[in-house]
Amino acid sequence: RERARERGKRERRERKEKEEIDLPAIEKDFFLSPSAMQRAPNILITGTPGTGKTLLCSELAEQTGMRHINISDLATERQLFEEYDEERQTHVLSEDRVIDELDDESGINIMAGGNIVDYHSSDFFPERFFQLVVVLQTDNTVLYKRLENRGYPAHKVQENVQAEIMQVVLDEARDSYRPDIVMRLASNTTEDFEHNMAQILAWLSSVVQAQ
């Protein structure tokens with residue numbers, strides 16, 4: 001029941017974010033065929049909470065047919081946690097168990113390709129998992145409002161906004177992956193969303209066609 005409530009809250013937040021961003025209609029002209037899917041890469045989309053990761057991943061997955069893996073959802077569904085942090089009021093992810101789950105050839109089998117992974121951290125994934133790492137960044141005032149609208153307590157809003165100011169997620173990605181596969185994208189407006197979709201789809205198209 002608790003997990004169902006958490007899922008319900010998340011779905012309501014996502015609907016609210018869609019209303020705030022006013023998503024454009026996007027033509028479905030890049031749905032991957034079964035043969036193209038066999039050559040599809042894996043993409044990691046990361047960023048501070050509130051930058052629009054899940055929204056972008058969902059739309060990309062819907063348009064391309066790739067599989068969207070939300071790490072927070074996966075961890076909740078399969079209880080991939082080490083403990084519960086009372087002070088921060090959050091579960092502590094078991095990074096090793098998440099990697100094992102993703103790498104399981106009889107399960108998710110991420111190395112088969114065609115996955116869009118969604119998480120706010122990137123440094124614990126093996127570099128071999130991804131061919132593109134997208135870091136979404138949001139203006140501090142926009143991010144502050146989004147997190148407040150989600151009902152985050154003041155200390156968590158401040159913590160995440162500070163992390164965005166310090167570019168923690170971007171630095172983490174740059175330290176963990178080759179510079180040529182890290183794509184930094186602004187995520188503030190509808191125009192940004194359209195641009196980000198176009199950028200990632202253009203990259204994906206070039207990779208699939210080159211193989």
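**Exercise 1. The whole chain**

State what share of the protein chain's contacts with a separation of 6 or more comes from residues 24 or more positions apart. Then describe the chain by its elements, burial and surface.

*Solution.*
- Step 1: Residues 24 or more positions apart supply 76% of these contacts. A contact here means heavy atoms within 4.5 Å.
- Step 2: Know the source. This is a predicted model, where local features need pLDDT of at least 70 and side-chain atom pairs count only at pLDDT 80 or more, while totals for chains, interfaces and linings use all residues. Residues are numbered from 1 along each chain as its sequence is written, and side-chain values use heavy atoms, with hydrogens and water left out.
- Step 3: List the elements. The protein chain has nine helices and seven strands. Both are DSSP runs numbered from the N terminus: helices are H or I with at least four residues, strands are E with at least two.
- Step 4: Take burial. Of 211 residues, 46% count as buried. Buried means under 20% relative accessible area, exposed means over 50%, and partly exposed lies in between (1.4 Å probe, protein chains only).
- Step 5: Take the surface. The chain exposes about 11,400 Å², with 44% of it from carbon and sulfur atoms. The areas come from the Shrake-Rupley method with a 1.4 Å probe; for residues, only the protein chains shown count as cover.

**Exercise 2. Helix 6 against helix 7**

Classify the packing of helix 6 and helix 7, and name the residues that meet.

*Solution.*
- Step 1: Choose the descriptors. Two packed helices are described by the angle between their axes and the distance between the axes.
- Step 2: Read the values. Helix 6 (residues 140-149) packs on helix 7 (residues 154-165) at about 155°, and their axes are 10 Å apart. That makes the two helices roughly antiparallel.
- Step 3: Check the conventions. Axes are lines fitted to C-alpha atoms, for helices over the stretch in contact, and angles run from 0 to 180 degrees between N-to-C directions. Under 35 degrees is roughly parallel, over 145 roughly antiparallel, 65 to 115 roughly perpendicular, and the rest oblique.
- Step 4: List the contacts. Helix 6 brings Asn 140, Leu 143, Tyr 144, Leu 147 and Glu 148; helix 7 brings Val 157, Gln 158, Asn 160, Val 161, Glu 164 and Ile 165.
- Step 5: Sort by class. The contact has six nonpolar, three polar and two charged residues. Ala, Val, Leu, Ile, Met, Phe, Trp, Tyr, Cys and Pro count as nonpolar; Asp, Glu, Lys and Arg as charged; the others, Gly among them, as polar.

**Exercise 3. Two residues of helix 6**

Decide for Asn 140 and for Glu 148: buried, partly exposed or exposed?

*Solution.*
- Step 1: Asn 140 is found in helix 6. Its relative accessible area is 31%, so Asn 140 is partly exposed.
- Step 2: Asn 140 touches Val 161, Glu 164 and Ile 165, leaving aside residues up to four places away in sequence. Asn 140 and Val 161 are 21 residues apart in sequence, and their C-alpha atoms lie 6.1 Å apart.
- Step 3: Glu 148 also sits in helix 6. Its value is 46%, so Glu 148 is partly exposed too.
- Step 4: Glu 148 and Gly 50 are 98 residues apart along the chain, with 9.8 Å between their C-alpha atoms.

**Exercise 4. Two more helix pairs**

Classify helix 3 with helix 9, then helix 4 with helix 5.

*Solution.*
- Step 1: The axes of helix 3 (residues 53-64) and helix 9 (residues 190-210) come within 11 Å and cross at roughly 50°. That makes helix 3 oblique to helix 9.
- Step 2: By class, this contact has eight nonpolar, three polar and one charged residues. Among them are Leu 56 and Glu 59 in helix 3, and Phe 193 and Met 197 in helix 9.
- Step 3: Helix 4 and helix 5 (residues 95-103) pack at about 95°, axes 11 Å apart. That makes helix 4 roughly perpendicular to helix 5.
- Step 4: Ile 71, Leu 74 and Arg 78 in helix 4 meet Arg 97, Val 98, Glu 101 and Leu 102 in helix 5. The classes are four nonpolar, no polar and three charged.

**Exercise 5. Positive phi**

Locate Gln 79 and Gln 167, and give the phi of each.

*Solution.*
- Step 1: Recall the background. Most residues other than glycine have a negative phi.
- Step 2: Gln 79 has a positive phi near 55°. It lies in the loop between helix 4 (71-78) and strand 3 (81-85).
- Step 3: Gln 79 is partly exposed at 40% relative accessible area. Its C-alpha is 9.7 Å from that of His 91, 12 residues apart in sequence.
- Step 4: Gln 167 has a positive phi of about 55°. It is placed in the loop between helix 7 and helix 8 (168-176). Its relative accessibility is 26%, so Gln 167 counts as partly exposed.
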